[in-house]
Amino acid sequence: MARFAFLTAPLRWIKEHPKTRRALFFGFFHLLGLLTSVDAILSVRTAQGAIGWAISLNTFPYVAVPAYWVFGRSNFEGYIVLRRKAEDELSEEERKLATDLLAMRPQAGEVPPPAILLERLAKMPATQGNHTELLIDGEATFRSIFESIAQAREYVLVQFYIIRDDGLGRRLKDALIERAKAGVPCYLVYDEIGSHGLTDSYLGDLKAAGVETHHFNTRKGDANRFQLNFRNHRKVVIVDGHTAFVGGHNVGDEYLGKDPKMGAWRDTHVKVQGPVVQCVQIAWVEDWKWATGSIPNLNWTPKPAPGGENGLAFCLPSGPADEFETCTLFFLHAIQSAKKRVWIASPYFVPDEQFTSALQLAALRGVDVRILLPEKADSNMVQLSSYTYLPVLEKAGVQVWRYTSGFLHEKAIIVDDYCGVGTANFDNRSFRLNFEITLLFSEPSVVKEAEAMFLNDFSKSTRATAADYTERPWWFRLAARTSWLMAPIQ
């Protein structure tokens with residue numbers, strides 16, 4: 001302490017003058033708010049976000065400065081996207097995979113125009129020779145997943161945003177332990193925030209059986225240390241490099257409809273086989289490499305699926321480490337390019353102005369635009385926000401439906417003659433802050449099945465109208481608008 005003896009007198013003086021102490025405290029925070037607002041103006045992606053942060057950081061720095069450190073950034077630092085490597089940086093195995101996948105790409109004239117844009121965004125090709133099976137609701141989904149895991153001979157790759165130590169979670173644990181004890185390498189990665197309640201005993205049982213288990217640490221690296229706004233929201237299971245599952249289900253009893261508060265749970269997954277599985281596997285490997293720094297020895301030989309000759313499929317991973325806002329650009333392009341219909345199902349609907357305008361324009365062009373949302377909500381703020389969009393969407397002819405037969409959690413889309421199922425919601429978090437994955441298909445039989453699924457859901461829904469918002473009491477509309485103002489961080 002002798003080295004800092006010169007501070008003794010000033011510190012004593014400050015201690016004896018509480019008004020000066022308070023003034024210095026407030027002055028420090030306002031200076032910090034000013035400096036932080038410079039960073040916000042330089043780095044926040046949207047003008048609205050930059051303005052909002054700059055004003056709050058200079059007006060209420062005591063609250064806004066720590067909030068910005070935790071929620072302010074939308075760029076995820078340090079995550080390496082293997083797909084972006086220059087050709088001369090690729091390993092021999094990676095070059096072979098790229099060549100094999102391109103060989104399974106349709107002829108240039110047979111690739112749908114939307115796929116060309118998506119290929120440039122994802123740095124992966126659309127491929128033919130895929131077989132797709134829609135899995136509707138939890139029992140069908142997890143029955144198929146567990147059957148595939150039980151048949152694994154080479155490896156099992158698993159990734160979920162939420163894993164709970166409950167009945168379904170223990171079924172997954174037992175399935176992985178059984179395969180691991182049979183000598184099949186098993187790998188599990190989960191989001192540390194989404195699965196924050198996962199018990200040490202659950203993880204210990206997996207590791208003791210030889211299952212390699214890691215969390216996807218979104219706070220890894222100095223630039224991300226204080227950030228809590230990023231999530232790895234992907235739900236993926238891959239078996240032996242030839243079968244993959246992607247969709248809305250996490251691992252918890254509520255996804256089987258066993259939560260008495262939420263009731264029946266409406267969700268959708270897909271099972272795919274064929275070369276698109278290798279593309280899903282690339283996304284899983286990128287996440288595993290971030291979590292562990294290593295890449296397992298996997299099967300990288302894409303093969304057409306039996307009966308999948310006409311099955312065109314595409315994998316779109318997206319996230320805050322992307323060069324562009326991949327998820328944003330996909331949904332915008334899908335809406336703007338639609339000629340006949342855009343049907344979107346999402347449990348969380350909080351679009352920004354560009355999406356609202358895109359939906360209005362599509363409807364005004366004569367496109368059949370329908371949005372399917374849950375009547376029952378698990379987020380009051382998101383639910384309230386969704387009411388504010390009803391008047392502007394209805395005015396343009398956009399139909400909004402609310403599913404009433406349980407809680408709707410599926411993330412699905414049909415645009416003209418192709419459809420998609422994945423993990424992305426229709427909100428800012430999925431567009432800009434979450435790691436997501438979406439699978440897209442143009443095989444007529446799959447699109448027809450997805451259409452039947454949507455029509456069945458619409459039959460269990462009621463039409464939401466502008467009056468649901470405009471005729472509510474003033475305090476409800478105020479609460480809805482206040483929630484809407486918080487859309488960027490919902």
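**Exercise 1. Which residues does R153 touch, leaving aside residues up to four places away in sequence?**

Solution. In this predicted model, R153 touches R179, V184 and D240 when residues up to four places away in sequence are not counted. To place R153 along the chain, look at the loop between α7 (138–150) and β2 (156–160), where R153 is found. Next, consider how R153 and G183 are related: these residues are 30 apart along the chain, and their C-alpha atoms are separated by 8.5 Å. Finally, turn to the side chain of R153, one of whose polar atoms lies 3.2 Å from the backbone oxygen of Q151.

**Exercise 2. Decide whether R153 is buried or exposed, and do the same for D240: buried or exposed?**

Solution. Begin with the cut-offs, by which a residue is buried under 20% relative accessible area and exposed over 50%. R153 has a relative accessible area of 58%, so R153 is exposed. D240, which is one of the residues that R153 touches, has a relative accessibility of 4% and therefore counts as buried.

**Exercise 3. Which sign does the phi angle of D240 have, and where in the chain is D240 found? Answer the matching questions for D416: which sign does phi have, and where is D416 found?**

Solution. Take D240 first: its phi is positive, at about 60 degrees, although D240 is not a glycine. The residue is found in the loop between β6 (236–239) and β7 (243–247). Then take D416, which is not a glycine either and has a positive phi of about 50 degrees. Its place is the loop between β16 (412–415) and β17 (418–422). As a last step, apply the burial cut-off to D416, whose relative accessibility is 13%, so that D416 counts as buried.

**Exercise 4. At what angle do helix α11 and helix α12 pack, and which residues make the contact?**

Solution. Helix α11 (residues 326–337) and helix α12 (residues 353–364) pack at an angle of about 20 degrees, and their axes are 9 Å apart. Because of that angle, α11 is roughly parallel to α12. The crossing in which α11 passes α12 is left-handed. On the α11 side the contact is made by T328, F331, L332, I335 and Q336, while α12 contributes Q354, F355, A358, L359 and A362. Sorting the residues of this contact by class gives 7 nonpolar, 3 polar and no charged.

**Exercise 5. Carry out the same kind of analysis for helix α13 and helix α18: at what angle do they pack?**

Solution. Helix α13 (residues 380–387) and helix α18 (residues 474–485) pack at about 105 degrees, with axes 7 Å apart. With this angle, α13 is roughly perpendicular to α18. The residues that meet are M381, L384, S385 and Y387 in α13 and F476, A479, A480, S483 and W484 in α18. By class, this contact has 7 nonpolar, 2 polar and no charged residues.

**Exercise 6. How many helices and strands does the protein have, and what percentage of its residues are buried?**

Solution. The secondary structure comes to 18 helices and 20 strands. Of the 490 residues in the protein, 55% are buried. To see how the chain contacts itself, take the contacts between residues at least 6 apart in sequence, of which 80% join residues at least 24 apart.

How values were computed:
Residues numbered from 1 in each chain as written. Predicted model: local features only at pLDDT ≥ 70, side-chain atom pairs only at ≥ 80, totals over all residues. Heavy atoms only, no water. Axes fitted to C-alpha atoms, helices over the stretch in contact; angles between N-to-C directions. Helix = DSSP H or I, 4+ residues; strand = E, 2+ residues; numbered from the N terminus. Parallel < 35°, antiparallel > 145°, perpendicular 65-115°, else oblique. Left-handed = near helix turned anticlockwise from the far one by under 90°. Contact = heavy atoms within 4.5 Å. Nonpolar A, V, L, I, M, F, W, Y, C, P; charged D, E, K, R; others polar. Buried < 20%, exposed > 50% of the residue type's maximum accessible area, 1.4 Å probe, protein only. Polar contact = N/O pair within 3.5 Å; in protein donor to acceptor, adjacent residues only side chain to side chain.
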